[in-house]
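Notebook open, viewer loaded. I want to see how the pieces of this chain fit together, starting from one side chain and working outwards.

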Amino acid sequence: MNEFRRINDEFLASPQIGVDDVGEAKALGVTLIINNRPDDEEPGQVDGAEIAAAAEAAGMAYRAIPVTHAGFGQGQVDAMVDALEAADGPILAYCRSGTRSTLLWALARAKQGANPSVIASQAASGGYDVSPIRQMIEMLSAGR
């Protein structure tokens, strides 16, 4: 059973997924899986290569944009913007809890010019709090 959380019509976030979850994501219309978790972050975690292979076998795209607990860099935000813009359907992003994936999505959407209040509301609808990065969201949305 997956723990996919719908942020909006185009984006779902999830804690660590397994190979079996790829089929469930496909059934929901997901066309791209984004892995925001570094490999070997904790023992027993499913390796990104296994998810990539399962996604490819299911006819889905896969991207790895790892985010460590050190935080987000401009390169990761830019990579997420590229992924959002390149996707041809709904996206599922995952990390350990779904929080890093949602926060990175929020920063990318802000850089794309989305309204910070809408970003925060959509994240909250999925159970995620963007308040720790709200100032960054405001700055990116304003084009600073």
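**Entry 1: Phe 11 and its neighbours**

I started at Phe 11 and listed its contacts, skipping residues up to four places away in sequence: Arg 5, Arg 6, Met 80, Leu 84, Ile 91, Ala 93, Ser 101 and Trp 105. Note to self: this is a predicted model, so every value here is computed from it.

Next I checked which way the side chains of β2 (residues 11–14) go. Phe 11 and Ala 13 point one way, while Leu 12 and Ser 14 point the other way. Buried or exposed, these four? I found all of them buried.

**Entry 2: the cores**

Then I looked up the largest nonpolar core, which has 30 residues. Phe 11 is in the group with the most contacts inside this core, along with Ile 34, Met 80, Trp 105, Val 130 and Ile 137. I wanted to know which elements feed it: β2, β3 (32–35), α3 (74–86), β5, α4 (99–111), α5 (116–125) and α6 (134–141) each supply at least two residues. Which of them gives the most? That is α4, with seven residues.

I also found a second core, separate from that one, with 13 residues. Phe 4, Ile 51, Met 60 and Leu 92 are among its members.

**Entry 3: the sheet**

On to the strands. Five of them make an open sheet, and I read the order as β1-β2-β5-β3-β4, with mixed pairing. β1 and β4 (61–64) are the edge strands, each paired on one side only. Ignoring direction, neighbouring strands in this sheet are turned against each other by 25° on average.

I went through the pairs from the β1 side:

- β1 (residues 5–8) runs antiparallel to β2, and I get three bridges for the pair. The link from β1 to β2 is a hairpin through two residues. Opposite Arg 6 I find Leu 12 of β2.
- β2 pairs with β5 (residues 91–94) in the parallel sense, over four bridges. Here Phe 11 has Ile 91 of β5 as its bridge partner.
- β5 also pairs with β3, in the parallel sense and over four bridges. Leu 32 stands opposite Ile 91 of β5.

So Ile 91 turned up repeatedly in my notes: it is on the contact list of Phe 11, it is the bridge partner of Phe 11, and it sits opposite Leu 32.

**Entry 4: the helices**

I tried α3 against the sheet. α3 lies across β2, β3, β4 and β5, and runs at about 170° to β4.

Then α4 and α5. Their axes come within 10 Å and cross at roughly 160°. Angles over 145 degrees count as roughly antiparallel, so α4 is roughly antiparallel to α5. How is the crossing handed, left or right? I have it as right-handed. From α4, the contact uses Thr 102, Trp 105, Ala 106, Arg 109 and Ala 110; from α5, Ile 119, Gln 122 and Ala 123. Trp 105 is also one of the residues touched by Phe 11.

**Entry 5: a phi check**

Last, backbone angles. Most residues other than glycine have a negative phi. Asp 40 has a positive one, near 65°. Where is Asp 40? I located Asp 40 in the loop between β3 and α2 (48–57). Its relative accessibility is 68%, and the exposed class starts over 50%, so Asp 40 counts as exposed.

Key
Residues are numbered from 1 along each chain as its sequence is written. This is a predicted model: local features need pLDDT of at least 70, side-chain atom pairs count only at pLDDT 80 or more; totals for chains, interfaces and linings use all residues. Side-chain values use heavy atoms; hydrogens and water are left out. Buried means under 20% relative accessible area, exposed over 50%, partly exposed in between (1.4 Å probe, protein chains only). Two strands pair if DSSP finds at least two bridges between them. A nonpolar core is a set of buried Ala, Val, Leu, Ile, Met, Phe, Trp, Tyr and Cys residues joined through side-chain atoms within 4.5 Å. Contact means heavy atoms within 4.5 Å. Axes are lines fitted to C-alpha atoms, for helices over the stretch in contact, and angles run from 0 to 180 degrees between N-to-C directions. Angles under 35 degrees count as roughly parallel, over 145 as roughly antiparallel, 65 to 115 as roughly perpendicular and the rest as oblique. A crossing is left-handed if the near helix is turned anticlockwise from the far one by less than a right angle, and right-handed if clockwise.
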